[in-house]
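Here's a walk through one protein chain, starting with a single pair of residues and working outwards. Have the viewer open as you read.

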Amino acid sequence: MGVRAFAIGRGVFRYLERLTGHDAAFRQLADLRVGMVRRIVPLAPDGLAATRRGDLLARFTGDVDELQDLPLRVVQPVAGAVVAIVLALAGIAWLAPGAALVIALVLVLGLLVATAGQGVLSARAERRVAPLRGELADAVLAHVQALPTLVAYDAEGGSLARVADVDARLRRARVRAAVGSGLAGAAVAVTAGAAVLGAIQAAAGPLADGALGGPEFAIVVLVPLAILEVAGVVPVAWATWRTVRRSAERVDGAVPEELPAGLPTPVAAPEQLPAADGPPMLELREVCASWPDLAGVGASQALAGVDLVVRPGERVLVRGPSGAGKTTLAHVLVGFLAYEGSFRVDGVEASEVDADRLRERIGLCEQRPWLFDTDIRQNLLFARDDADDAALLAVLDRVGLGDWVRERGGLDASVGERGALVSGGQAQRIALARAMLADFPVLVLDEPTANVDQERADALLADLLAAGADGRTVILISHDRVDPSLVDRTVVCADGRIPAAA
């Protein structure tokens, strides 16, 4: 009866242990991923310019997933094994103290040999698995994103060879790690046999003297097999610990402990912007800014003194050659970059305002707007997730894309990877529609005609400004010629400066 109860109970308790353990591990992973995103957000976008996206994705997925093995394959198995071994040895010692001592010595020696041997054979390979996994993800992502260019220049073979090389190195590392685990398992099996032989030798005397009965002798001889089955998780747990530790180092190293110089520091007690029905007044006085020093060579100043006042509802053109600091100014306006000097929004210093609240007032349409590889509807819903299809089509009509969307089959039409299925002008219009849905009082357009031929640039600018103004403040940044009638005034940015007269 007892044997049957324990046999049935083993399956039930194992299921409950797996259920509760995995539930706890998955909840921990969810918290870890949220925490990682919160650490990444202050860096985005300018603090991630030098980050390999494939490797970052591998850290966020594979390496984070690897951390669930710490409670499931390290802590729980080892803790359970220790408790089971101690109780089993105590029971054997009660029956045959000499046999318990022999089994304990053989067990310790065998586990040391198995664990040390596995470390010698597999430790280096196990440490390489996680970085190679990130390198492979980066190589595959780079190949997929650059595939049209690679095919056009007949360079696809070289890129595929790089992917194959990384994959081969990862496969070799995994095989070597598996070999070490297999040999460790073999060592545990040998240890089990040695423990049984030692138990027989140690219990033979008490059995012959009558101090130990036949059933008790069977227990002393057979229990070491059960003990070694439980103890076999120790080398595996040790190997898993090395892998988990390497993944934890990669997760921790995905984001620097301190924000690079040039990025705004989160405000502990942010100031509140005054409530307003219309666009705010923007005042910049002697504003200087630098791009983050991501390579460790020192940051170079991109803005060296900007004096600019933008009144509510104005349409201001900021002109200047490439490298004059115009994009830097745009990123300062939306809080992506830290600044020196004074930048006030309705009289409140922007550096004292929470960055999310600042970006509710000031929106940015970048030179290369980011379009997600999904349909047009979802690309717009990121700006306002409660908008219905009628509202989405209405805003597309306002930016001149209504007929085009209907011809393509409606809002379900895909834009492709990073907008590969739309032109540069269409991407700018989709980005503007998204900004209009978000209803930014101030809209910054950074080089909106950079990806558009000159013949269509004027028409696009006229459409963007006509649709985007609508009571908003519009700051247009461009190095191309712009019809003066489209804007209220023009200021010139040169060598990172805008003089006070502007």
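## Starting at a sheet edge

Val 306 stands opposite Ile 498, which belongs to strand E10. Keep in mind that this is a predicted model. The two strands involved are E2, covering residues 301-310, and E10, and they pair in the parallel sense over 2 bridges.

Zoom out a little and you get an open sheet of 5 strands, ordered E5-E4-E1-E2-E10, with mixed pairing. Its edge strands are E5 (348-349) and E10 (497-498), each of which pairs on one side only.

## Strand E8 and its two partners

Now move to E8, which spans residues 473-478. Is this strand enclosed or open to the outside? 6 of its 6 residues are buried, so the rest of the structure largely encloses it. Thr 473, Ile 475 and Ile 477 point one way, while Val 474, Leu 476 and Ser 478 point the other way, and all are buried.

Which strands does E8 bridge to? E3 (residues 315-319) runs parallel to E8 and is joined to it by 5 bridges. Within that pairing, Arg 319 has Ser 478 as its bridge partner. E7 (residues 442-446) also runs parallel to E8, again with 5 bridges, and here Leu 443 stands opposite Val 474.

## Two nonpolar cores

The largest nonpolar core holds 46 residues, and Phe 343, Ile 362 and Ile 475 have the most contacts inside it. Apart from it lies another core, this one of 36 residues, including Val 415, Ala 431, Val 474 and Val 487. Strand E8 is worth another look here: Ile 475 is one of the best-connected residues of the largest core, whereas Val 474 sits in the other one, and these two residues point opposite ways from the strand.

What does Phe 343 touch? Setting aside residues up to four places away in sequence, its contacts include Leu 282, Leu 284, Val 287, Val 332 and Leu 333, along with Val 348 and Ile 362. Glu 283 and Glu 349 are also among the residues it touches.

## Helix H14 and a buried asparagine

Helix H14 takes up residues 424-438, 15 in number, and reaches 21 Å from its first C-alpha to its last, close to the expected 21 Å. Of those 15 residues, 13 are buried, so H14 is largely enclosed by the rest of the structure. Just after the helix comes Asp 439, with a positive phi near 60°.

Asn 379 is found in helix H11, residues 376-381. Its relative accessibility is 0%, so it counts as buried. Beyond its neighbours within four places in sequence, Asn 379 is in contact with Leu 371, Phe 372, Thr 374, Val 415 and Arg 434. One of these contacts, Val 415, is a member of the 36-residue core.

## The whole chain

Stepping right back, the chain has 15 helices and 10 strands. Its radius of gyration is 33 Å, well over the 23 Å that the globule rule gives for 502 residues, so the chain is more spread out than a compact globule. The C-alpha trace spans about 115 × 50 × 50 Å along its principal axes.

How much of the chain is buried? Buried residues make up 42% of the 502. Among contacts with a separation of 6 or more, 78% come from residues 24 or more positions apart. The accessible surface comes to about 25500 Å², with 59% of that belonging to carbon and sulfur atoms.

Note on methods. Residues numbered from 1 in each chain as written. Predicted model: local features only at pLDDT ≥ 70, side-chain atom pairs only at ≥ 80, totals over all residues. Heavy atoms only, no water. Buried < 20%, exposed > 50% of the residue type's maximum accessible area, 1.4 Å probe, protein only. Helix = DSSP H or I, 4+ residues; strand = E, 2+ residues; numbered from the N terminus. Pairing = 2+ DSSP bridges. Core = buried A, V, L, I, M, F, W, Y, C linked by side-chain atoms within 4.5 Å. Contact = heavy atoms within 4.5 Å. Rg over C-alpha atoms; globule rule 2.2 N^0.38 Å. Areas by Shrake-Rupley, 256 points an atom, 1.4 Å probe, with all protein chains shown as cover. Expected span 1.5 Å × (residues − 1).
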